[in-house]
Amino acid sequence: MVCLESELQDGQMKEVEVDEQKILLVRTQGLYSAVGSKCSHYGAPLIKGALVGDRVRCPFHGACFNIKTGDIEEYPGLDCLPSYKVKVEDGKVYVSVNEKSLKVYKRVKDMSCRVSGVRHTILLIGGGPASLLCAETLRQNRYEGRIVMVTRDTLPPIDKPKLSKAMHLESASLLLRPTDFFQQYDIELWTQKEAVSVNPVEKTVKLNDGSLHYYDQLLISTGCRSVACYCYPSLIELCVSPLSKMLEESKVKFYMNDGVVEIRGENGKVKEVVLKSGAVVETDVVIAGIGVIPNSDFLKESQVEVDSRKAVIIDKFMRTNIPNVFGAGDVTSFPLTIRKDQRVNIGHWQLASAHGRVAALNMLQKQIKIDSVPFFWTVLLGKSVRYTGYGEGYTEIIFKGKVEERKFLAFYIKDDQVVAAASLMFDPAVARLAEMMSNGLVITKAQAQSDDLSWLKM
């Protein structure tokens, strides 16, 4: 027995232990279910997350899992949770744990391989999460043809967000899947190769080594590259002022509403930066974070439609304007459901993963639309910041909590609605808001202004 039936009400979770194994016990609509207690992404305790309906969302990075099956339904992460049998008898709740269920259940368990004689080929250009999730989803859904992933990187897909948090890691610890994974499921991985042109009429892609390759269906998921560092006036804005105050206390100086006009150096080393305002800043290192450009130049003669920023235009099914050519990830401009299908270009790991999965399902004629809610995270000075939604064009920020204590929830308002939210030490508020947005709920300015946040079920 793990607990009494009376200890858990509908919509509640409880972390229990069975045979030294921590398990998340959930009750919804009078029924009990049990899954692994830790997020399969980075191991966050799901008991601290947000339970909405049949899904629990990780409080740290936004991954979602079905509490009845353990299946991952929103990213980041790749694997599902283990699931366990639950029995209720005489007012007591029992969870069955056997040797099989103790092993982490992974989606790869049900993946297929290529079948000899099937000539259909799907070519994936790019080596990031979009391509990886596309390949895995194809095999999970019994695709029997040839899958080829082309990447200019030297490694298989890696966990790039880790690079901004722990730059001392060995490359082997960054791999999302080991090399033999691709061999096991007949996913051809071509590293250090790059597409230079696409011919949709002939259904061919030319690579930088001069080779020409045929495809039946094509995924463009080539990501973005950094904007070249030219000196020109630019505005510097920080949306949430309490974060800037926190950084200023750690001796980070901000030059607001200013821009760089000149970088001066001596003997090959930078010495100072001249700002538009006339200020001269002595410096030893310059880090340019001035945006990115979608990697779509190779599509110039392909007739694949791109927008003014060179992002590949796709619809909710990840389709471009060219039949059998799909797009996914940072290189694309797509309709965002929570903003009434406003076309956006959002460079983020979670969305790229979701794009890859949806693209694969639509390659298989499943007619699945993208409806993911953006969920961002970062760590500043040891404190975790969460953000969900899409705040472009917001006109007001409403704060809850104690900003001066660096514990707050910020609602971004546009047209009397909450379009985004950010938090610092206020979990799982942002995770819950992401689930509410995912379910199509409109959060009003009045709700955000209210002193009563019971609607958030914190």
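What follows is a walk through this structure, from model confidence to a pocket, some aromatic pairs and two residues of a helix.

Keep in mind that this is a predicted model. The confidence picture is a good place to begin: the protein chain has a mean pLDDT of 91, with 94% of its residues at 70 or more. Two stretches need some care, though. Residues 102-107 have pLDDT below 50, and in the model this stretch makes 17 contacts beyond near neighbours in sequence. Residues 232-240 are also below 50, and here the model shows 25 contacts beyond near neighbours in sequence. Where pLDDT is low, the predicted coordinates should not be read in detail. So treat the contacts of residues 102-107 and of residues 232-240 with that in mind.

Now for some empty space. The second largest pocket holds about 470 Å³. Its lining is made of 17 residues, and if you want to find the centre, look for I338, R339, K340, Q417 and V442, which lie nearest to it. Which elements supply at least two residues each to this lining? They are β31, covering 417-424, and α6, covering 429-438. Of the contributors, β31 gives the most, with 3 residues. As for chemistry, the lining of this pocket is a mix of 7 nonpolar, 5 polar and 5 charged residues.

Next, the rings. There are 7 aromatic pairs in the model by the rule used here. Take F376 and Y387 to begin with: their ring centres are 5.9 Å apart and their planes meet at 65 degrees, and because that angle is over 60, the pair is edge-to-face. F376 sits in strand β27 (residues 375-380) and Y387 in strand β28 (residues 383-389), so this pair ties together parts 11 residues apart in sequence. How accessible are the two partners? F376 has a relative accessible area of 23%, so it is partly exposed, and Y387, at 21%, is partly exposed too.

A second pair is F411 with W455. Here the centres lie 6.1 Å apart and the planes are at 35 degrees, so the pair counts as tilted. This one links distant parts of the chain: F411 belongs to strand β30 (residues 407-414), while W455 is in the segment after α7 (445-449), 44 residues away. Are these two rings' residues buried or exposed? F411 is buried, with a relative accessible area of 0%. W455 has 18%, and because the cut-off for buried is under 20%, W455 counts as buried as well.

Back to F376 and Y387 for a moment: together with Y394 and Y412 they form one aromatic cluster.

Last stop, helix α5. Residues 349-363 make up this helix, and A359 is found in it. With a relative accessible area of 0%, A359 is buried. What does A359 contact, leaving aside neighbours within four places in sequence? The answer is L219, M318 and F326. The L219 contact is worth a look on screen: the two residues are 140 apart in sequence, yet their C-alpha atoms are 7.8 Å apart in space.

S353 lies in helix α5 as well. Its relative accessible area is 2%, so S353 is buried. Not counting residues up to four places away in sequence, S353 touches Y75, P129 and L133.

Conventions:
Residues are numbered from 1 along each chain as its sequence is written. This is a predicted model: local features need pLDDT of at least 70, side-chain atom pairs count only at pLDDT 80 or more; totals for chains, interfaces and linings use all residues. Side-chain values use heavy atoms; hydrogens and water are left out. pLDDT is the predictor's confidence in each residue, from 0 to 100. Contact means heavy atoms within 4.5 Å. On a 1 Å grid over the protein atoms alone, a cavity is a set of points where a 1.4 Å probe fits but cannot get out, and a pocket is an open set with protein on both sides within 12 Å along at least five of seven lines; lining residues have an atom within 4 Å of a point. Grid points are joined across faces, edges and corners, and a volume is the space filled by probe spheres set on the points. Helices (H or I, at least four residues) and strands (E, at least two) are DSSP runs, numbered from the N terminus. Ala, Val, Leu, Ile, Met, Phe, Trp, Tyr, Cys and Pro count as nonpolar, Asp, Glu, Lys and Arg as charged, and the others, Gly among them, as polar. Rings of Phe, Tyr and Trp (its six-membered ring) pair if their centres lie within 6.5 Å; planes under 30 degrees apart count as stacked, over 60 as edge-to-face and the rest as tilted. Buried means under 20% relative accessible area, exposed over 50%, partly exposed in between (1.4 Å probe, protein chains only).
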